[in-house]
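Dear colleague,

I am handing over a structure that I have been looking through, and I would be glad if you could open it alongside this message. My notes on it follow below.

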Amino acid sequence: MDDLREKYISLIAEAADEATLEDLRVQAVGKKGEVSLQMRELGRMSPEERQVAGPALNALKDEINSALAAKKQALGDAALDERLRSEWLDVTLPARIRRQGTIHPVSQVTEEVTAVFADMGFAVAEGPQIESDWYNFDALNIPGHHPARAEMDTFYMARAKDDDRPPHVLRTHTSPVQIRSMQEHGAPIRIIAPGRVYRADYDQTHTPMFHQVEGLAIDRDISMANLKWCLEEFVKAFFEVDDVELRFRASHFPFTEPSAEVDIRCSWEGGTLKVGEGDDWLEILGSGMVHPKVLEAGKIDPNEWQGFAFGLGIDRIAMLKYGIPDLRAFFDSDLRWLRHYGFASLDVPTLHGGLSR
Ligand code: DAH
């Protein structure tokens, strides 16, 4: 018994892990373990011998069991200590900068445009991207036979075969928001309406989905001079320069009279687009004085109120400001492009903090 005690107590003390401990338990006090086999011998002993050997064997069994339990506890504590040591973390260290998503140039520029016009008192309005042909065309003085309907390369929504109402369209411009805003708020009104628009067109400066921001200012005595001033102020603030050359070209839109298109001086040299220099012009917006019929469609009396409107290509001015040569890449979701042209998510554009830094 003393041999057994010495053997197992030292083996248990040396055990390096729980699996070894379990083997030792089976060898010593398991059903066929050495101590258990000794206990079976008790039956063959004389009663006197048994009285001595029985309690001694039980004590040995208890002693081995508690040595096993103590060692198991010690091994567990050591494992926990080791884990705590290896997973130790210094929470006072500064966070590691891991660049996550970036703000898309279209979102950034939309925010910038909004900041500039907000400063001039324009509120932001919205309208649906799936629009009735009345809002997209008729209310804007573009009747059914008008060539502008075809020129806009419109996407029409499907109708059920037996439904002969005119189909809805994917709005071809943000101008229908003019009508919705006039109907909702009446005059005077001063809004911009940024959003997605759709036309079947695809090349370096055209994609089937792109972005515009509509502007509308109606009051009793608003004139073309106010329009020109607003656009010049906008362009200076947006491009963050003192002077940018603009070209107002007489034009025609069904919803304005008179109408002007506005180009900005730029160069495409070496494949990079630069604003404010060179011999090229890039058209960035259409504008004019709101047509009386459009005011009427918006339930505003054209004898009392007048105003200007404009429609500006957001993607176009993003390309110009940030020197992005191809519009198609805007919508490819190429991570390398997004990392290169994207903006930090916490730099919110404001006039006082700087639009783009
Ligand atoms: N809706 C026109 C387009 O998409 C742009 C436009 C021109 C908007 C003149 C206007 C405007 O508000 O007055 O081409």
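**Pockets and a helix pair**

In the second largest pocket, the residues of the lining divide into five nonpolar, no polar and two charged. Please keep in mind throughout that this is a predicted model. The lining of that second largest pocket consists of Leu 89, Asp 90, Val 91, Leu 93, Pro 94, Ala 95 and Arg 96, and the space inside the second largest pocket comes to about 150 Å³.

The largest pocket holds about 800 Å³ of space, and 37 residues line it, with Arg 199, Gln 212, Phe 253, Glu 261 and Glu 283 lying nearest its centre. Sorted by class, the lining of the largest pocket has 14 nonpolar, 14 polar and nine charged residues. Several elements each supply at least two residues of this lining, among them helix 7 (147-151), strand 5 (209-219), strand 9 (280-290) and helix 11.

Helix 11 (residues 314-322) also has a partner in helix 9 (residues 224-239), for the axes of the two come within 11 Å and cross at roughly 50°. Because of that crossing angle, helix 9 counts as oblique to helix 11. Where the two helices touch, Phe 234, Phe 238 and Phe 239 of helix 9 meet Ile 317, Leu 320 and Lys 321 of helix 11, and the residues of this contact divide into five nonpolar, no polar and one charged.

With best wishes

How values were computed:
Residues numbered from 1 in each chain as written. Predicted model: local features only at pLDDT ≥ 70, side-chain atom pairs only at ≥ 80, totals over all residues. Heavy atoms only, no water. Axes fitted to C-alpha atoms, helices over the stretch in contact; angles between N-to-C directions. Helix = DSSP H or I, 4+ residues; strand = E, 2+ residues; numbered from the N terminus. Parallel < 35°, antiparallel > 145°, perpendicular 65-115°, else oblique. Contact = heavy atoms within 4.5 Å. Nonpolar A, V, L, I, M, F, W, Y, C, P; charged D, E, K, R; others polar. 1 Å grid on protein atoms, 1.4 Å probe; cavity = no way out; pocket = protein on both sides within 12 Å on 5 of 7 lines; lining within 4 Å. Points joined across faces, edges and corners; volume = space filled by probe spheres on them.
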